[in-house]
Amino acid sequence: MATPYSGYDRPIFLGQGLLDTDVPAVSAGSLYAQMLGAGQPVEFHAYPGEDHSGTVLASIPDSTPFLARIMR
């Protein structure tokens, strides 16, 4: 994946299903580490029992407060 790891001017929410075969957890973990290294404001949340699609719903308890916080 060629997702940029720097240049963002807003906080980033990374939600990763650990059963995801579309975007393997190791790839998301690597991106997270690169973003941290680049000083990006990033939050990482792992969802152990979720695949790619299930992560969206599973992340709602985390992503909703994240969005409320950054939209103030």
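A helix, as the word is used here, is a DSSP run of type H or I that holds at least four residues, with numbering from the N terminus. In this predicted model, helix α3 covers residues 60-70, and L67 is found in it. Helix α3 recurs throughout the account that follows, which begins with the chain as a whole and then turns to particular residues.

The protein contains 3 helices and 2 strands, and their order along the sequence follows the pattern β-α-β-α-α. The radius of gyration is 12 Å, close to the 11 Å that the globule rule gives for 72 residues, so the protein is as compact as a globular protein of that length. Along its principal axes, the C-alpha trace spans about 30 × 30 × 15 Å. Of the contacts between residues at least 6 apart in sequence, 70% join residues that are at least 24 apart. Buried residues account for 25% of the 72 residues, while the surface that the protein exposes comes to about 4,700 Å², of which carbon and sulfur atoms supply 60%.

One part of that surface involves L67 of helix α3. Together with I70 and M71, L67 makes a nonpolar surface patch of about 300 Å². L67 itself has a relative accessibility of 45%, and because exposed would require over 50% and buried under 20%, it counts as partly exposed.

Helix α3 also takes part in an aromatic pairing. A search of the whole structure finds 2 aromatic pairs, and one of them is formed by F13 and F66, whose rings lie 5.3 Å apart, centre to centre, with 55° between the planes, an arrangement classed as tilted. The pair links distant parts of the chain, since F13 belongs to strand β1 (residues 12-17) and F66 to helix α3, with their positions 53 residues apart in sequence. The two partners fall into separate accessibility classes: F66, at 5% relative accessibility, counts as buried, whereas F13, at 21%, counts as partly exposed. The value for F13 can be read against the cut-off for burial, which is under 20%.

Charged side chains supply further links. Side chains of opposite charge can pair when their charged atoms come close. Across the whole structure, a search finds 2 salt bridges. In one of them the side chains of E43 and R69 meet, with an N to O distance of 2.4 Å. This pair, too, links distant parts of the chain, with E43 in strand β2 (residues 42-47) and R69 in helix α3, 26 residues apart. E43 has a relative accessible area of 26% and is therefore partly exposed, and R69, with a relative accessible area of 40%, is likewise partly exposed. The other salt bridge joins the side chains of R10 and D9, at 3.3 Å from N to O. Here R10 counts as exposed, at 54% relative accessibility, and D9 is exposed as well, with a relative accessible area of 61%.

Helix α1, which covers residues 25-37, offers a second place from which to examine the model, and L31 lies within it. At 12% relative accessibility, L31 counts as buried. When its neighbours within four places in sequence are left aside, L31 is in contact with T3, P4, Y5 and L14. Its C-alpha atom is separated by 24 Å from that of A68, a residue 37 places away along the chain.

Two glycines of the helix complete the picture of α1. G29 is located in helix α1 and, at 29% relative accessibility, counts as partly exposed. G29 and S59 are 30 residues apart in sequence, and their C-alpha atoms are 16 Å apart in space. G37 is also found in helix α1, and at 69% relative accessibility it counts as exposed. Between the C-alpha atoms of G37 and P48 there are 25 Å, although these residues are 11 apart along the chain.

Key
Residues numbered from 1 in each chain as written. Predicted model: local features only at pLDDT ≥ 70, side-chain atom pairs only at ≥ 80, totals over all residues. Heavy atoms only, no water. Rg over C-alpha atoms; globule rule 2.2 N^0.38 Å. Buried < 20%, exposed > 50% of the residue type's maximum accessible area, 1.4 Å probe, protein only. Contact = heavy atoms within 4.5 Å. Areas by Shrake-Rupley, 256 points an atom, 1.4 Å probe, with all protein chains shown as cover. Patch = residues over 30% accessible without salt bridge, like charges linked within 9 Å, V, L, I, M, F, W, Y side chains within 5 Å. Salt bridge = Lys/Arg side-chain N within 4 Å of Asp/Glu carboxyl O. Phe/Tyr/Trp six-rings, centres within 6.5 Å; stacked < 30°, edge-to-face > 60°.
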